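This report concerns the cysteines and the pockets of one protein structure. Please consult the sequence and the structure shown below while reading.

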Amino acid sequence: MTGADRLDLHPLDRAGLQAVVDADATGRRWHPEFPLQDDRDAARMTLKHGDPVFGCYTVVERSTGLAVGTIGFFGPPDESGVAMIGYGLVPSARGAGCATEALRALVALAFAQPGVRRLEADPLPDNVASHRVLEKAGFVRTHSTADAHWYALDRTA
């Protein structure tokens with residue numbers, strides 16, 4: 001799936017998800033730093049809930065063709081239309097706007113689904129870079145806890 005100017009988001013099927021969980025790059029075009037533990041956790045979560053739309057996507061750099069991270073949903077939206085999202089990139093892909101670009105593509109995908117009313121994210125309080133990514137993608141901080149700063153983006157139309 002085309003995602004943005006410099007990136008594509010590719011949905012992971014069961015075999016791809018299992019490869020990420022196992023960190024098995026055999027036959028795959030992955031950045032040498034990929035997958036991180038967070039990527040493996042996201043793939044494991046998607047294998048459990050099994051929803052192909054509200055699952056895990058690799059973030060692929062068009063210039064290299066390599067997967068540099070994952071982005072996706074914690075599962076399908078709840079009964080009120082709220083879906084949780086998460087994302088992460090390998091360290092060498094950070095700081096160049098790729099996470100924001102990937103997040104904007106995921107937002108477009110999410111709001112193209114009729115059951116999604118709101119997206120939420122809960123980065124750690126000290127993850128300032130992630131806070132900036134969310135803000136640049138239009139998310140607003142709604143509240144904070146000791147464990148996270150919560151952000152949300154509502155469907156506008």
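In this predicted model, a search of the whole structure finds 0 disulfides. The cysteines Cys56 and Cys98 do not form a bond because the sulfur of Cys56 is 17 Å from its closest cysteine sulfur, that of Cys98, whereas a disulfide requires the two sulfur atoms to lie within 2.5 Å. Cys56 is buried, with a relative accessible area of 4%. Cys98 is likewise buried, its relative accessible area being 7%.

The pockets form the second topic. Rolling a probe the size of a water molecule over the atoms reveals where empty space is left. The two pockets are set out in the table.

| Pocket | Volume | Nonpolar lining residues | Polar lining residues | Charged lining residues |
|---|---|---|---|---|
| Largest pocket | about 930 Å³ | 20 residues | 10 residues | 8 residues |
| Second largest pocket | about 190 Å³ | 5 residues | 4 residues | 3 residues |

The largest pocket has a volume of about 930 Å³. Of the 38 residues that line this pocket, Asp38, Tyr87, Gly88, Asn127 and Ser130 are the closest to its centre. Two or more lining residues come from each of helix H2 (37-49), strand E3 (67-73), strand E4 (82-89), helix H3 (98-111) and helix H4 (128-136). The largest share, 6 residues, is given by H4.

Which residues line the second largest pocket? Among them are His10, Pro11, Arg28, Arg29, Trp30, Thr58 and Val60. The elements that give two or more residues to this lining are strand E1 (7-11) and strand E2 (56-61).

Terms used. Residues are numbered from 1 along each chain as its sequence is written. This is a predicted model: local features need pLDDT of at least 70, side-chain atom pairs count only at pLDDT 80 or more; totals for chains, interfaces and linings use all residues. Side-chain values use heavy atoms; hydrogens and water are left out. Buried means under 20% relative accessible area, exposed over 50%, partly exposed in between (1.4 Å probe, protein chains only). On a 1 Å grid over the protein atoms alone, a cavity is a set of points where a 1.4 Å probe fits but cannot get out, and a pocket is an open set with protein on both sides within 12 Å along at least five of seven lines; lining residues have an atom within 4 Å of a point. Grid points are joined across faces, edges and corners, and a volume is the space filled by probe spheres set on the points. Helices (H or I, at least four residues) and strands (E, at least two) are DSSP runs, numbered from the N terminus. Ala, Val, Leu, Ile, Met, Phe, Trp, Tyr, Cys and Pro count as nonpolar, Asp, Glu, Lys and Arg as charged, and the others, Gly among them, as polar.
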